[in-house]
Amino acid sequence: MVKRYNWRHPRGYIYVRKGGKLIGRITAPDGTPDFDRQYWEFLTGKKATARTSWKALIEDYRRSDHWIGLKSRTRADYEAVLSYLLEKNGAKDMTRVTRADAIAAQRANAHRIRFANYIAQVLSILCERAVDLGWIKGIPIKGTRHLKTPNHRKKQHMPWPDSAVQK
């Protein structure tokens, strides 16, 4: 039998104790696999990486024909988003992504409109790849709207000068 180092709060929350200190709160229901995973992550200090993690999906996408066939400029733009996603969500399970997550990521990067719109675009492509791999059934972020550039940030159209037209 495994000795569990739990403490149950009077409101029902379950905390993990180690060395007489509370080191974390378990959010999953008691008796589920998620509960056990969270418990052992707190005790060992290691996060378990999911088989369907963002990191695994991005690595698979980078090996795909779709990635190889991209133009260099598009690949550079996508690479910035892929690096961002790895930094934020690398070990997390991608099968739990929702449309609200995509919109939250866009809003968090609203100060750079083009990048924020690329986030939705790349997430959609990655979800298509996950469907191809059989990880998810449909594309949960389908229909995420692009952010509009505010008028004060748009550059005014300047016609070409005559010298440039003649060149």
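This briefing describes a small sheet, the helix lying across it, and the packing of further helices.

The model is predicted, so local features need pLDDT of at least 70 and side-chain atom pairs count only at pLDDT 80 or more, while totals for chains, interfaces and linings use all residues. Residues are numbered from 1 along each chain as its sequence is written, and side-chain values use heavy atoms, with hydrogens and water left out. Helices (H or I, at least four residues) and strands (E, at least two) are DSSP runs numbered from the N terminus.

**Sheet and helix α1**
- An open sheet is formed by 3 strands in the order β1-β2-β3 with antiparallel pairing, where pairing requires that DSSP finds at least two bridges between two strands.
- The edge strands β1 (6-8) and β3 (21-26) each pair on one side only.
- β1 and β2 (residues 14-18) are joined over 3 bridges, and W7 stands opposite Y15 in β2.
- Helix α1 (residues 33-44) lies across β1, β2 and β3 and runs at about 150° to β3, with contact meaning heavy atoms within 4.5 Å and angles running from 0 to 180 degrees between N-to-C directions of axes fitted to C-alpha atoms, for helices over the stretch in contact.

**Helix α2**
- In α2 (residues 54-62), W54, L57, I58, D60 and Y61 are buried, that is, under 20% relative accessible area with a 1.4 Å probe, protein chains only.
- The buried residues of α2 pack against α3 (65-68), α4 (72-89) and α6 (113-133).

**Helices α5 and α6**
- α5 (residues 99-108) packs with α6 at about 155°, their axes 8 Å apart.
- The contact involves A102, A105 and Q106 of α5 together with A116, N117, I119, A120 and L123 of α6.

Conventions: Buried means under 20% relative accessible area, exposed over 50%, partly exposed in between (1.4 Å probe, protein chains only).
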